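Let's take a walk through this model, ring by ring and strand by strand. Have the viewer ready so you can follow along.

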Amino acid sequence: MDSTQISFAKLGFSLEICANAISVKLQGTEVCKLSPHSAVERIRIDGTERIADRDVDKEDFSYHTLTENGKQVFYWKGSSNNWPEKIYRLECDAEGFSYFVRVHGEGHVGKICYFHGARQDNAPHGSSYEFCEYYVPTCDTFGKERCRYPSSMNYQSYFELMVPPMYCFAFRTADIEPWLGLGLIARPGEYNFTRYDYDVEMADRTSRFSLSTNMEGHTRVHGTWEAPFIRGFAGKNEFDVVAMYSNYHYDSGLCKRRNFTEIPRWWHGPLMCGWSEQDILARNTGMLCTEMANQAAYTDIVRRLEEKHLKPSAIIIDDKWQEAYGSARPHPYRWPDMRAFVDAMHAKNIRVLLWFRLWNGEGLDDSMRMSGNAVKPWNKDDNERYADPSHPAYRESLRKTIHFLLSNEAGCMNCDGFKLDYAFWMPYGSRAVSHSGEYGVELLKRLFQLIYTAAKEVKPDALINASPCHPYFAECCDQLRLHDYYGFRRNIKEVMTDRLRLFRIACPEQLIDTDGTGFCNRRDTMSYMRYAPIIGVPDLYQISDSEDCHLTDEDWAEIAGIWQAYSEKIDAMYR
């Protein structure tokens with residue numbers, strides 16, 4: 001069978017392409033043989049019921065090649081039971097390849113299985129592989145080791161700390177030094193998905209793999225539609241692959257880099273976040289942790305910081321200063337005069353950030369809310385009602401709320417920004433129908449952009465702190481937090497360094513909130529207090545001892561010295 005050889009710029013990365021296969025080679029060794037056929041599930045909506053039609057290609061596909069804009073392009077054209085016309089396109093440039101799936105017809109799109117194959121017998125669907133392991137650039141509260149999987153193990157994604165993560169797998173083949181990367185890339189406005197999965201099918205000692213995402217019926221095809229595409233790279237290691245994935249977004253103009261040459265001094269911290277201190281206070285009083293997000297407790301936190309000679313540039317009031325999450329107004333009993341507290345902090349040269357729970361519909365009118373299932377394995381059957389970031393009524397309500405919380409006008413709170421959290425607790429699944437029809441990451445981006453734009457309109461130096469780890473969100477976030485760390489891990493520097501590496505790859509210009517939550521044990525705590533100013537913005541979560549950690553007066557004196565040295569270094573940048 002005739003084939004075409006394509007060689008890329010580095011690492012012995014090449015393709016051999018023919019009518020029924022795309023052979024991917026590294027240093028002359030075939031690491032996988034991709035089927036050019038993919039399946040695009042069609043969802044039929046019958047009242048409230050959504051029925052998924054499996055997609056099977058018919059045996060009418062043609063294959064041809066040509067050169068377009070200096071790139072060698074390969075086409076497979078045909079049809080399936082779902083789509084009167086399907087076109088697969090492979091574009092090869094100097095650095096790698098892009099694989100596109102285009103369908104023509106009518107219907108809502110469900111699951112898309114890339115390289116799924118066209119076979120209809122009992123053999124496993126998918127493409128053959130030689131790689132032995134794959135890496136996923138994400139993490140959860142349990143640490144880094146869950147990012148690596150045997151190639152024979154399915155990966156069903158959900159996100160928790162990096163929301164969203166970079167949608168890219170890096171594959172290692174035994175005895176081959178370079179890694180192969182296969183990343184999912186969407187154009188702006190087309191991120192109507194939440195997941196990117198690695199799927200393996202096995203039968204009679206034969207195994208095949210495919211990659212998938214799922215539009216959950218929220219993308220409608222009326223004519224011609226092109227799915228998010230797969231980009232193939234080769235890298236020296238897994239992090240090189242992920243960096244190429246990230247850089248492709250910026251270099252191709254799909255995403256925008258931020259310019260951080262001139263930012264307010266106070267964004268650099270140090271920070272004091274009250275969450276773990278709330279937890280300690282709650283244990284000591286028998287109250288709920290959220291009940292300790294009150295004016296008296298935070299006034300006392302600031303007093304105790306001063307006693308320890310700790311001078312934060314900002315304090316973060318955590319969960320739950322709000323009377324209701326959705327309407328987001330100060331709780332009348334916990335915060336009888338938030339404006340007075342904020343003004344007092346400003347007099348001390350301390351800014352005030354508010355922890356903000358995303359998606360929650362508590363306190364909102366039903367017209368502003370939507371249904372769906374939260375993206376958590378233990379919560380997929382909930383019937384929670386979520387704020388709809390695309391609904392005009394909610395958008396106007398949130399703008400007014402942000403103005404009320406950030407403006408220095410009389411009757412407003414004069415706060416200085418937001419710590420955005422619970423991004424993962426989003427409406428998920430086929431029932432999550434928004435006003436605009438947007439879904440998943442695209443709806444999350446809509447929410448981020450709304451908050452970011454509204455905050456900057458009120459207060460240009462407002463700080464937006466959050467944890468997206470994808471280039472698509474670089475334009476609407478100022479500070480990335482490394483997120484929660486559970487002390488039972490006993491290796492905080494290693495875990496946080498791994499997270500830092502990914503955030504730096506995804507959004508290289510943003511400030512890093514070193515985060516880390518509360519004290520775990522004295523050794524880890526003091527180690528991270530010393531390490532945090534080296535990697536980002538120091539962030540202290542508590543000033544009281546916990547069951548597992550007692551800090552001495554000498555420890556606190558050292559922390560104060562670390563903060564002072566860090567602050568003097570930052571101050572020198574602004575002289």
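What follows goes from a sheet to the aromatic pairs, and then on to a few charged side chains. Keep in mind that this is a predicted model.

Start with the sheet. Five strands make up an open sheet, running in the order 1-2-3-4-11 with antiparallel pairing. At its edges you'll find strand 1 (4-7) and strand 11 (128-129); each has a single partner strand, so one side of each has no neighbour in the sheet. Further in, strand 2 (residues 13-18) pairs with strand 3 (residues 21-26), antiparallel and over six bridges. If you'd like a residue pair to look for, take I17, whose bridge partner in strand 3 is I22.

Now switch on the aromatic rings. With centres within 6.5 Å as the cut-off for a pair, the count comes to 40 aromatic pairs. One of them is Y155 with F169, an edge-to-face pair with 5.9 Å centre to centre and 80° between the planes. Y155 sits in the loop between strand 13 (148-150) and strand 14 (168-172), while F169 is in strand 14 itself, so the pair ties together parts that are 14 residues apart in sequence. Both Y155 and F169 are buried.

Strand 14 has another ring to offer. The ring centres of F171 and Y198 are 5.8 Å apart and the planes meet at 45°, so this pair counts as tilted. It links distant parts of the chain, with F171 in strand 14 and Y198 in strand 16 (residues 197-203), 27 residues apart. Here, too, F171 and Y198 are both buried.

How do these pairs fit into something wider? Y155, F169, F171 and Y198 belong to one aromatic cluster, and its other members are Y129, F131, Y134, Y149, Y196 and F209.

Rings also meet charges in this model. K320 lies over the face of Y325, 4.5 Å from the ring centre. In another such arrangement, the charged end of K445 sits over the ring of F473, at 5.9 Å from its centre.

Y325 turns up again around an arginine. R357 is in strand 21 (residues 351-357). Is R357 buried or exposed? Its relative accessibility is 12%, and the cut-off for buried is under 20%, so R357 counts as buried. Leaving out residues up to four places away in sequence, R357 touches Q322, Y325, E384, D421, Y422 and W425. So Y325 is a spot worth a look in the viewer, as it has K320 over its face and R357 in contact with it.

Definitions and conventions
Residues numbered from 1 in each chain as written. Predicted model: local features only at pLDDT ≥ 70, side-chain atom pairs only at ≥ 80, totals over all residues. Heavy atoms only, no water. Phe/Tyr/Trp six-rings, centres within 6.5 Å; stacked < 30°, edge-to-face > 60°. Helix = DSSP H or I, 4+ residues; strand = E, 2+ residues; numbered from the N terminus. Buried < 20%, exposed > 50% of the residue type's maximum accessible area, 1.4 Å probe, protein only. Lys NZ or Arg CZ within 6 Å of the ring centre and 35° of its normal. Pairing = 2+ DSSP bridges. Contact = heavy atoms within 4.5 Å.
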